[in-house]
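User: I have a model open and would like to understand the labels people attach to it. Could you walk me through the reasoning behind them?

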Protein chains: 2
Amino acid sequence: MDVLSVGRGGPHVFVVDLSDPTLDDQDRHHLGRVLRLRDGDDLTLGDGAGRWCRAVYRLSEDPEPVGDVVAVPPSEPAVTVGFALIKGGRPEMVVQKLTELGVDRILPLSADRSVVQWDEAKASAQVERFRRVAREAAMQSRRAWLPTVEGVAAARDVQPAVGVVFAEPGGDPIDGSVRVLLVGPEGGWTDEELIGHPTVGLGPTVLRAETAAISAGTLLTALRDGRVSPPG
Amino acid sequence: MDVLSVGRGGPHVFVVDLSDPTLDDQDRHHLGRVLRLRDGDDLTLGDGAGRWCRAVYRLSEDPEPVGDVVAVPPSEPAVTVGFALIKGGRPEMVVQKLTELGVDRILPLSADRSVVQWDEAKASAQVERFRRVAREAAMQSRRAWLPTVEGVAAARDVQPAVGVVFAEPGGDPIDGSVRVLLVGPEGGWTDEELIGHPTVGLGPTVLRAETAAISAGTLLTALRDGRVSPPG
């Protein structure tokens, strides 16, 4: 379970080094000005790679770790959701929700029908933005592990592999073998993109691309965690 | 399956009377100016109560029904998602997503920790707004049935009943008996609100209220439609 085993421990913040924690400027502002923590208040610190500890907030100083560092194993098996970047889409919202839901790896995709075509500089800036959104969402949802946000890849370059499936209306239900689920643009995948890949359906209604991605993350993590089972 | 049994049939629009269809101003604008339909293009008309037919778009006239009216039975059993209205929340987005996912009834709730307290006029205006959002989302997702959007109710007034459960961290997994799933504000339900109600969990991570509601709609409709099973 990729989540802190602590109930009321105050806000959760990622730092680079748990033994010598330094808040970055944005987190310092958030804790002090938005959440209005006071000197001596509880918080938890994590390294985003499974390790966390309790700490005490200090005004105009870095937080003071207290107690032992706890190591949380990553969720097993890791699950990936890919989603096609679309014009007018809300990709930051999708990244935020997938992170909250416990998805381990997030794969922004360019699809034949994506409409958006970013050059390298724009794609790189967007991915940096997605990583900041994922970091904030992982802290807010109290995850011990930061999800991996990959660089933008072309859906056509995804190689067929065991557990890799494309979401497509009329596909089979998701089963327990799916590890990587890719959600297309509203116009759907092209035949070329689907070559060699099994498809799964996300229900009978027509979903917006962003809704399909969140639905995929919900079902994939629920199946992985045993909160639901594949259809009998 | 509450969805049109037609693939490429053009956009789907709700009208009051299928035998004498009249587009409302907003839909007329959307079809003509946004989707840029041309005289003779296909569309489908629905009454939002399970009946639909194919039609032909006419410039500066109402659409012309063609072919038989098809009656789609409602999804069985009907499922309801309730969600607490919160300050700074995105309730329209939640209504939109729940509609796309195939939820049959949507229940906006005021909770003890909702923070927002609307007077009657404001609540009524908001519910009208939610109904417009649900109507648009039902057309976009090609549903034959419009979901019911109830007026704002207090979570404290929800009576314990078979199949009615409150989402709460640490609750049991959702099983096939759940018909009404209520999602609280980020601060959680108060003990008073939970009196007499079973609880279900939506996973180990801490979800934003809006993410919890979408996750609830995804799992409830997937269980209802047999796309996943309760945990074994």
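User: What makes α5(A) roughly perpendicular to α5(B)?

Analyst: Happy to go through it; please keep in mind that this is a predicted model. Helix α5 (residues 209–224) of chain A packs on helix α5 (residues 209–224) of chain B at an angle of about 70°, and their axes are 9 Å apart. Angles of 65 to 115 degrees count as roughly perpendicular, so α5(A) is called roughly perpendicular to α5(B).

User: Which hand does the crossing of α5(A) and α5(B) have, and which residues make the contact?

Analyst: α5(A) passes α5(B) in a right-handed crossing. On the α5(A) side the contact is made by A:Ile214, A:Ser215, A:Thr218, A:Leu219 and A:Ala222, and on the α5(B) side by B:Ile214, B:Ser215, B:Thr218, B:Leu219 and B:Ala222. By class, that contact has 6 nonpolar, 4 polar and no charged residues.

User: How do α2(A) and α3(A) pack, and at what angle?

Analyst: Helix α2 (residues 91–101) of chain A meets helix α3 (residues 120–140) of chain A at an angle of about 35°, with axes 8 Å apart. Their crossing is right-handed. Among the contact residues are A:Val95 and A:Thr99 of α2(A), and A:Phe130 and A:Ala134 of α3(A). The contact divides into 7 nonpolar, 2 polar and 3 charged residues.

User: Now the sheet. Why are β1 and β4 of chain A said to stand at the edges?

Analyst: Good one to check by eye. In chain A, 4 strands form an open sheet in the order β1-β2-β3-β4, with mixed pairing. β1 and β4 (64–71) each have a single partner strand, so one side of each is left without a neighbour in the sheet. Neighbouring strands are turned by 25° against each other on average, direction ignored.

User: How do you know that β2 and β3 of chain A pair?

Analyst: Two strands pair if there are at least two bridges between them. Strand β2 (residues 42–46) and strand β3 (residues 51–56) of chain A have 5 bridges, in the antiparallel sense, so they count as paired. For one bridge to look at, A:Gly46 has A:Trp52 in β3(A) as its partner.

User: And where do the domains of chain A lie, and what touches what?

Analyst: The domain assignment gives domain 1 (12–71) and domain 2 (80–224). Their C-alpha centres lie 31 Å apart, and 8 residues of domain 1 are in contact with 7 residues of domain 2. On the domain 1 side, strand β1 (residues 12–14) gives the largest share, 3 residues. That side divides into 4 nonpolar, 4 polar and no charged residues.

Notes
Residues are numbered from 1 along each chain as its sequence is written. Chains are lettered from A and ligands numbered from 1 in the order in which they are written. This is a predicted model: local features need pLDDT of at least 70, side-chain atom pairs count only at pLDDT 80 or more; totals for chains, interfaces and linings use all residues. Domain bounds come from an automatic or database domain assignment. Two residues are in contact if their C-beta atoms, placed from the backbone, lie within 7 Å. Helices (H or I, at least four residues) and strands (E, at least two) are DSSP runs, numbered from the N terminus. Ala, Val, Leu, Ile, Met, Phe, Trp, Tyr, Cys and Pro count as nonpolar, Asp, Glu, Lys and Arg as charged, and the others, Gly among them, as polar. Axes are lines fitted to C-alpha atoms, for helices over the stretch in contact, and angles run from 0 to 180 degrees between N-to-C directions. Angles under 35 degrees count as roughly parallel, over 145 as roughly antiparallel, 65 to 115 as roughly perpendicular and the rest as oblique. A crossing is left-handed if the near helix is turned anticlockwise from the far one by less than a right angle, and right-handed if clockwise.
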